[in-house]
Amino acid sequence: MLTTPHWTGDANTFVDTLFAWMKVAGAVCRCGSETLLSRSLCVADRARADGAGRSDICAGLLHCVGTMLIYTDFSSDTGNIRSRNYEIGARWLSGMFPHSVAGPVRLLPDARRWLFATDKAFRDILSDEALREMAYEGGPMTGPERQVFEGREGFDAAIALCRRIEWSKTRSCTHWTAHDLDRFRQQVIGCLLASPSGRSVTPARPNYDAPVPATHLPGQPAAG
């Protein structure tokens, strides 16, 4: 069984296991006719082309980890969990990366609702599937909802990430391969080293408990 990577205290080792996991899980999971890995690489490259910082590049590269976690950890229980893929991914990321990486991923559903309500050009590029997903997430934001969302930390980064994701869906990303992951290694390591202490090595669980410091050895199940 494919095992999700766990933080063991060394950034280089973690990135090795993270990228190895993404090469397998991301190549199996698909986004339409393309893999999640190729889509993630396309979004990260767009962030870099935009001159974005390392946190925005990492968020682009890792925004699909929730779906990969569902595939590798929750294969027998994907009912209502699948609709929470960004939340699941953000919670997992927050155990190792700073808020500047995990926060925009968590806010992606709201960012799409905000953009739909405020940007006609954005509405025009949404696929039927994206429209259905957004309707499930609550539909276009109302004025009061927008005011609250605009005050959230990470609002601007979430909007930029959402735009890059939807842009990538209008392009062919099939030329991106697993070998391209290594081009983003330094950005990921930089974000890991910038993260606050107290990371967790507890794997994500279907009941979605908040990460807490763990005392078990990597590779062994957490207590409880």
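Me: Which residues does glutamate 166 touch, leaving out those up to four places away in sequence?

Reply: In this predicted model, glutamate 166 touches Arg112, Phe122, Ile125, Leu126 and Ala130. Glutamate 166 itself is found in helix α11, residues 155–168.

Me: How do you know whether glutamate 166 is buried or exposed?

Reply: Set its value against the cut-off. Buried means under 20% relative accessible area. Glutamate 166 has 2% relative accessibility, so it counts as buried.

Me: What makes α7 oblique to α10?

Reply: Start with the angle: helix α7 (residues 108–118) and helix α10 (residues 143–150) pack at about 130°, and their axes are 11 Å apart. Angles over 145 degrees count as roughly antiparallel, and 65 to 115 as roughly perpendicular. The angle of about 130° belongs to neither class, and therefore α7 is called oblique to α10. The crossing of the two helices is left-handed.

Me: Which residues make that contact between α7 and α10?

Reply: From α7 come Asp110, Ala111, Arg113, Trp114, Ala117 and Thr118, and from α10 come Glu145, Arg146, Phe149 and Glu150. Sorted by kind, the contact has four nonpolar, one polar and five charged residues.

Me: What pLDDT does the chain average, and which elements have the lowest and highest means?

Reply: The chain averages a pLDDT of 81, with 82% of the residues scoring at least 70. Among its elements, strand β1 (residues 30–31) has the lowest mean, 74, and helix α3 (residues 54–62) the highest, 97. Over residues 75–80 the pLDDT is below 50, and this stretch has three contacts in the model beyond near neighbours in sequence.

Terms used. Residues numbered from 1 in each chain as written. Predicted model: local features only at pLDDT ≥ 70, side-chain atom pairs only at ≥ 80, totals over all residues. Heavy atoms only, no water. Axes fitted to C-alpha atoms, helices over the stretch in contact; angles between N-to-C directions. Helix = DSSP H or I, 4+ residues; strand = E, 2+ residues; numbered from the N terminus. Parallel < 35°, antiparallel > 145°, perpendicular 65-115°, else oblique. Left-handed = near helix turned anticlockwise from the far one by under 90°. Contact = heavy atoms within 4.5 Å. Nonpolar A, V, L, I, M, F, W, Y, C, P; charged D, E, K, R; others polar. pLDDT = per-residue confidence, 0-100. Buried < 20%, exposed > 50% of the residue type's maximum accessible area, 1.4 Å probe, protein only.
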